[in-house]
Structures are given as C-alpha cells and as structure tokens.
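Here are a few notes to help you find your way around this structure. Have the view open as you read, and take the points in order.

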Amino acid sequence: MTFGTEKRRLLALLAMLAPLPLPFNEVLGWGWLLGYEAGLLLYLLRIGRGAEQWLSITAANVLAIAYLPFLLFDLGVGRQSGTLVAPVLHLGLFAVTVKLFSLRRERDKWHAAFGIFFLFLAAMATSVHLSVALYLLVFVLLALLLFSRFALLHLLGAFGHRGGEALRVPLAAFLAASTIATAVVAVPLFALLPRVQRPYITGYGVGGAGQTSAMSGFSDEVTLDSIGSIRSSRQRAMRVEYEGTGAHEMRFKGGTYERYRDGAWQKAPAWLEPPRGPVRLAPEQAVGEARIWLEPLGAFGLPLPVETVQVDVGRRPLTVDAGGAVRLRRRPDQVLQYTAEVAASPVSVARQPEPGSAALDLTGLSPRMATLAREVGGNGPPAEQAARLERYFAENYEYTLDLVGTGGADPLEDFLFTQRRGHCEYFASAMVLLLRSQGIPARLAVGFLGGERTPLGYYIVRQSNAHAWVEAWLPGDGWRIFDPTPPAGRPAAGEQGLLGLAEQLYDTMVFQWDRYVLTYDIDDQVAVVGSLLRGWRDLWERFRQADGATAVAEAAEAVDIATEAAASPNAGGEARITWLLAGLAALGGAWLVLRLRRPLTATRAYDELRRHLARAGLALTPATGPLALERQAARRFPAAAVPAARVVQLYVAESFGGRAVDDPERHELREALAAARRELRRTS
Amino acid sequence: MRTLRRRVVPEGIRITKVGLWYVLLTVFTGIAATNTGNNALYMVFSMMLASLVVSGIASRHNVRALELEVEPPREVYAKSPFHLRFRLRSRGVMLPRWFLLLSLEKRGQPMLVPYLPRRGSTRGELEVLVPRRGRHQLEWGHVSSLFPFGFFRKGARHRLEAEVLVFPEIFPSGTRRAEPTAPTGRGPARRSAWGHDLHTLREFRQGDDPRGIHWKQSARTGELVYIEREVETGHRLSILFDNGVGPLVGETAAERFESLVSEAATAAVEHLGRGFHVELVTRDRRLGFATGQRQKLAILEALALLEPVAPAAEPLQPSDSRAALLRLALEHEVAA
C-alpha cells in the first residue's frame, strides 16, 4: 500500500464516522447520511482496487457550482422550517465527499480533514445522549491514529520511502493508551474550564431525551386510571439513599386526597410553609435520614417516606396538606435533591390530627357499597373493622392493570361488584368509601411503594412503583395506613436479576451523564473548586514538612481515601468530582515534593545511618564520632560494616573535607544506606 | 567504540504547521464552547487540550532514556563527508521509541529511526562533514521527534564525549598548485624494493606480497613467478613546511595557512600512494622518510595538529638532499 492510499483510507474512515450521530440528533435526515456513507464506501472500494483516476480539480469545481442551486433551494427550505443547520450540514457532507474524491496534493488531505472536523463538531454539539461519549472516544482514537500515521508517513516520505515499511511500525497499543490518557487528562480539564454561560441543556437528570411527561399521580386531581397507566412505566422516579436506619418499608407519600367526585379524587387543602429551611412534620424522634433525588416528574408533589418527621428542601417554599403530604410551589425542571429525617415507624400524626368533615364525605358511596361495608366491616372497634375490610379486599379481589379505562359510569361500583379486579387505586378508593360508610374517617394516599436496591446501596424507585393506599383515623392511634391491594399487586422492594442490574447501572450512568456532564455549570465549578482548595490546603499542610517517602505514603493514603469516598454511595456528584480532583492533586503534589526534595547529602545519609543503628540497638551518645560509630557498627553488625563504612567515609569527606558529593557518589550513598538498613533489619 | 551517553538536555519544542492548525482549531472549539455553554463542545475542547498535553508528555518521553554510541572512522578529512557509525539504544522499559531523528548538528541532516523497541537498539551511519582540520569534539548527539501526532518537533541533545582527529583537506587530483622539485641524486639502486623498474623475476616464496606475482609469466610457466623491483632512491619526497610564521593576522592569512597545510597533506598522500618515501619537516617536528599507511597517518596527524609557531631565520633542511623537495611557506610557496 502506498502512503497516499493509506492516507486516503484513514481519511475515509474518519469521514464515515464523523456524521453518524447527526440523524439520531434529528438534525440530518437518514437519507442524507446513507447517501453520504454509500459514497464513501464507493470511495473505499476504489481505494481497495488501487484506482488511480480521481476527480480533477476542474471537475470538483464544476460539481461545486452545480451544487449552488440546490444549496439556495435547501437554504430556502431551511429558512421556512426555522433552522439552517440542515442545509449547512448537507453542504458539509457534499464538500467532504467531493474533496475526498479529488485529493491530489498533501494540502488537499488536510482540507478534507477540516471538513471532517466540522462534521464531527456538529455531531457533538447536537448530541445529548450518553452514547456520544463512546462516539467521542472512538473518533479521538481514529483521529490520533490518523495524525500519527500522517506524521510517520510524512517522515518516511521525506527520507525517500514510498510504501511498505511504515506498516512495520507498531502503534496500536500506544494509540489505545494515549486515547485513554487523553480521556483521563480531559476529565479535570472539563471540570475546571471556566463556564461563563448557563449550560446549553438545563433540565438535567432527564436522560437527555427530555422526560417531561407529567406524573399525574401527584396532580391536583387523580382519576382512577392514573396510577394504572403510570405503573406500566419503567422510568425512574427517584433515587433514595438511607442512612442510619434499619429496615424501612420504602413507602413514600406524595399526596393525600379527601374528596371523591365523579370518579376522581381531589387534593386535600394545604398550608404554605415559609422558606426557612427544614420543615417539621411530626414530633416523633428521628432515627435516621433519607436522601432523595427526585426526577422532574412534571408534578408538585414531594414524595417522602411515611416515617418522615422533618424535611429539608433548602429555601424552596413548600405547602403541607392536611394529610402531611408536602408539595412544592413550582414544579422542578431538574433533579431535585432533598433530605428527610425519618422515625423508626410510620408517623401517625399529621399537621391536622383531627379529621375534618372531608374525611367522612360519602360522595360516591352507593347503597350496595354501604351494605357491603356493613357486611364485611361488621361491628367492633374501628381498627378491627378496618382490618377486616383490608383483609376482605386482599382475599377476595384480584389485582390487574387491565382495568384501565373500563370503569364505566361508576367505576368503583363496577370494580366492587362486577369486575372484582383492579389496581391499587381501585382497592384504596373502594376501601376509603367503605370505611367512611362505617363512620371511620379515611382518605386516599398516593405515592410510591418499594424500589430496587442497587449495587451501590441506594434504591431506584421507578414510576412502576407508584401506589395508592388508605389512611384511616383510629381513635387513640391517629392516622394509620391500610393497604387493601393484594400483596401480589403491590410494588415490592427487592434485589434485581442480572438484567435489572444492568438497567440500574445504565440508569445511574445516564443520571450521572446528565447531571455532571451535560448540565455541569458554574455553580458546580464553584463547589468543586471550593472543596478542592480546602482539600489542597489540608494536603499541603500535611506535605509541607514531609520528605519524599512520607509524601508518597501520604499521597497514596489520600488517593485511597479519595477513591473510597468517590465510590461511596453517600458521595454526591460534586463530592465525587472533588475527591477525584483531590486525588489527582495529591499525586501531583507528591510528584512535586519528590522533584523538589533536597538532594541527598552525605550528612543526611550519615544522620539516617545513626538513626538506623540506634534503632537496631547500638548504644550511641551525642559524643560518638563518625569513626567510633563505624568501629562499633562493624563490631556489632559485621554484615552492615562495609556499606556503613562507605557512608561514614563520604560523610567525613563532606563534613570535614568540605567536598560535596557528586552524582555518582550520591547514588552510591543511597545504595550503601539501603544496604546497611537491609542488613541491620536482617540482623536485628 | 565509545559510549556516548550522559545527561540529556532538552532542546525545546517547535510547533509544526499541522500543530499550529490543530491549536487554532482547539482555540476555535474553546470559543464555541464558551459562547454556547454547550458542555458537549467543552468535552471536545477538553479532549483537544488533553491530546496536546499527552502529545507533549509522550514526545518528551520519546527523546529521553536513550544511549548513543558512535564509532568514528580512522581517516576523517576536512571538507570531505564521512560516515559516522552509530548505535542508538533505548533504555526505556515501558515504551518503545518512535520517529526518532538523529543528527550531530541541531539543524544537520538527520537520520530517521522509525521505531526502536523497548530496550532495543539500532545501528546506522550518519553522514558528517567537518570543515576544519584538527581535533574535533563531537559534543552532542541531537535527537528530535515528531512523535506522537506530528504537532510538535521535540528535541533533546545527548552528551557525547567523542573526539575525532580531522586530517587536512585533500585537494582533488590535479588541482594541487605546488609541485616538488625533481630529485637530484643517483638512479635506482640494484636491490629489491617497491620501485617502478624491474629488478628480476624469481620463484614466489612464502611471505612474498601476492601483489607482486607476475600472473602472465606464472600462467606460462605453471609456477608462481614473483617480480622483484628496484628500490627507487630517487622516489623520495621531503616536505618542508615552514610554520614559523608567528601569529596569523586576518582571515586571509589563516585561510592561506590552511591551504598550505592541505597542499602538504595532498602531496604526502599522493606520493605515498605512488610508493614514495616521504618526509615531513616543520619547525617543531620532523617525521623521517618512510612509506606506507603508517607514515601516511603519521604525516596526516602531524599536519592535522600543525599550528603556527614563532618565526625563525634559518631555512628548513631535508634529511636527504637528493630527495625531491616541496617547500611550503606562508610568504612564498617555492619549489626550491
């Protein structure tokens, strides 16, 4: 293969790769991409066949002129649709193809490379998906290969070679390593490069694709089919991390509903809490903490563990309804992190412990339903009646999601007496009305139940974990939770299989990508740099007086801590970046200390030898001179006599003869000291 | 062969045209990223900067941890290119070396070593030209590289401690200006030597120079026949080089002096090549009549190191007054 052929091939491969993400980003039609790729395949085939006839410059210019009318038409279409990106990309694809087919001079190859870079930049600039990282890595690898080979071929060409020899220069391993090294170096650069604009994409945590479908489970009004449709979604709703708590039910309340009208529940009244930090919800003692990252669900509700006694959402204004459910004043458009202090068991007392009239509202209750309540609930204390009703539903009704949309005029009546199957909202709604018909105040609570435990120790709660249950007022006990949904229909907490694990890992990666790459901004940088400076100050204090060996040990320890902290599920994103940078800084600091450390002198080596001898048991006094030390060491540790004597000899020459050791002697000193230390350790 | 490894001195970094364009594109990407706030562009920008960093580190590493050994040839003449044999060895245990350009002058004609494996070595020859006679120090071996991506040309010089004795320039045949006088002594002596005239033909004996075999006669007789030639006492040349000229003032005088040294060297080499016995007489040195390779090297070495000395009144005298004379002096160049 001639050098020219190899250069053409490399350029063609890079050109084929460059625009691949564009159709996925919906800025280029698939037809255009396929046509372009087909053209390049043809080009590669011609290269493979050793073709020597390529487009002349004149032909390329004629093609460019012929393209002009189409370009004008394309621009007109683009203007109508409000974007000029597509025409520009079309022009880029056309130019690169024609240029590749008309490569003649060396500079033409670089012109083609510019065109390819432009396509690559367009592909990157319009990409938001995680997979673009892989694309970037592959492109960088191929680009580095191109640069390396071009440099080599240029050199070989300058020395009169024409082909063949270049193939024997192995570069693959180096290129792979340098691509990885480039990616590693790029991480801190990416973190520290100054951001003066808000990020191009602001709704982070949404998987890049804009997960904006409203979670109607937390809207002001909930139809009976709301949760049923949500339950079929595998999208992540939130991530939860517990600290300091033991077993927990993983039940998160997002809203309470009291009035049932025409097959829909209406929200309980709420009170505005001033934006003053943590909000107390219940007087119970907190035993632990739950940190929650809520995806933008298009709703106001703030799902909280039913054990929550206090919530902290920063200075965001909140409202708390009669059922103790918390709502935001504004829908979050990005992942929202908040903390809930939790008690050992579900809290039973909400803000308004005494039930209001709404909790006994019998709207929607039919005579048949009242009869059923009497028959099933029977007499006795409200707790027993509620338990009987709960058991009745669990044992006599079947859970299904198929009932969605088939409720008819009175969906609850239909559920109770005709279908006898439904999903959690039917069960909970029916039980609320049956409890009320028995004079027991009750309300509907919606939220999430269960989640998937990830390998990193936190939980992923998906929209499929959406659930509805009943809160009933029991004299003396307050508001108690009843869940009439059969256990088979309840979303469960538990470990996932391999596929689930892969899904969790993917979710985590997407989350991290969105949060810490696409939407990384100046605030994140300030946080990172602040903690980095603090960390650096601490490290510097520790390293300041340390010599090289200690510095390395300290740095290694710091890196260990950093790695451990970064891997910890408790570490937030900024903290992870900070720890990563701190680890790198520690290594850099150690390297600096090693570089700048004082060179070994004979006096320092002699002092060290004295220390080693004393540690090995040799009785030395401040009056023991070097020659006496040498004699004593030889008597007591004959194996270490020779290296010790050499150290002493150089010390005497330096200290009394005024002659500094030179480089070979310094090397000798180091070795003699190491040998003496080794022998002393072995002997003693 | 002398080992010429010592410490490495960086020789800076020079950006190539490709590197310049790459840096400009990096800046362009950085501006685009800053203006748009697009973190995907920041990623590209970071990667481009990182590749420059990696390129710098790799190229720095690439020209280090090398050992250079050179073996100068026995005869090196001023202004005459010669091939310096070298051995380049990598002491690197982690990475091989790529695209090495080796030269003895920073901007001299380099030798390309495309690949050097870990702890591997390569041999080659560098073409070197030394302009002046005398002792010449090969102080540094210059290694540069476009590795890894051709953005920068990074250089480092490796200390050499080789010394080459450079003989005077030898003028091309027929361009020598000073011709020696004809010999004034007797004709050839009747004894065997390496003259031009035939002395006798005899049977080849062990120890005889095979070059003296008379092949035609040997073929005719079926025995190896040896040619004995007469010694040519008249084939003696005495080169009298008067270097007692005091300090040389001005470039012209220095150039003239060098030219005379080259004249002497050329005459000596030519005559020794023709079997002459040649003598060199200077103010501070006298090399008696002798012939052969050893005499040639001795005369060339003496001429290579010849320096002007204090002037003296008495003229230089040859050892053999019947030998042809070549007198060379700065003021006048005479064939006496």
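Which residue in β13(A) does W293(A) stand opposite?

1. The residue opposite W293(A) is Q337(A). Please keep in mind that we are looking at a predicted model. The two strands behind this pair are β7 (residues 288–294) and β13 (residues 336–342) of chain A, which run antiparallel and share 7 bridges.

2. Now step back to the whole sheet in chain A. It is an open sheet of 7 strands with antiparallel pairing, and its order reads β6-β10-β13-β7-β2-β18-β17. At the edges you will find β6 (279–280) and β17 (452–453) of chain A; each has a single partner strand, so one side of each has no neighbour in the sheet.

3. A helix packs on this sheet as well: α14 (residues 498–518) of chain A. It touches β2 (236–243), β7, β17 and β18 (459–462) of chain A, and its direction makes about 90° with that of β18(A).

4. Next, look at where the chains meet. Chain A brings 46 residues to the contact and chain B brings 42. Between them the two chains bury about 3800 Å², with 83% of it on carbon and sulfur atoms. On the chain A side, L155(A), F159(A) and F174(A) lose the most area to chain B, together 15% of what that side buries.

5. What about specific pairs across this interface? The rule finds 0 salt bridges between chain A and chain B, whereas 9 residue pairs are in polar contact, both residues being at pLDDT 80 or more. Several helices of chain A each supply at least two residues to the side touching chain B: α6 (106–125), α7 (132–158), α8 (172–192) and α14. The largest share, 11 residues, comes from α7(A). By class, that side of chain A has 37 nonpolar, 7 polar and 2 charged residues.

6. Chain B has a sheet worth a visit too. Here 4 strands form an open sheet in the order β15-β14-β13-β16, with mixed pairing. Its edge strands are β15 (286–290) and β16 (324–329) of chain B, each pairing on one side only, and the twist averages 15° from one strand to the next. Strand β13 (residues 236–242) of chain B pairs with β16(B) in the parallel sense over 6 bridges, and L237(B) stands opposite A324(B) there.

7. Finally, find the helices by that sheet. Helix α4 (residues 250–273) of chain B touches β13, β14 (277–281), β15 and β16 of chain B, at about 170° to β13(B). Helix α5 (residues 293–304) of chain B lies across β14 and β15 of chain B, at about 160° to β15(B).

Key
Residues are numbered from 1 along each chain as its sequence is written. Chains are lettered from A and ligands numbered from 1 in the order in which they are written. This is a predicted model: local features need pLDDT of at least 70, side-chain atom pairs count only at pLDDT 80 or more; totals for chains, interfaces and linings use all residues. Side-chain values use heavy atoms; hydrogens and water are left out. Two strands pair if DSSP finds at least two bridges between them. Contact means heavy atoms within 4.5 Å. Axes are lines fitted to C-alpha atoms, for helices over the stretch in contact, and angles run from 0 to 180 degrees between N-to-C directions. Buried area is the accessible area (1.4 Å probe) that two parts lose on being put together, summed over both. A salt bridge is a side-chain nitrogen of Lys or Arg within 4 Å of a carboxyl oxygen of Asp or Glu. A polar contact is a pair of N or O atoms within 3.5 Å; within protein, one must be able to donate a hydrogen and the other to accept it, and residues adjacent in sequence count only if both atoms are side-chain atoms. Ala, Val, Leu, Ile, Met, Phe, Trp, Tyr, Cys and Pro count as nonpolar, Asp, Glu, Lys and Arg as charged, and the others, Gly among them, as polar.
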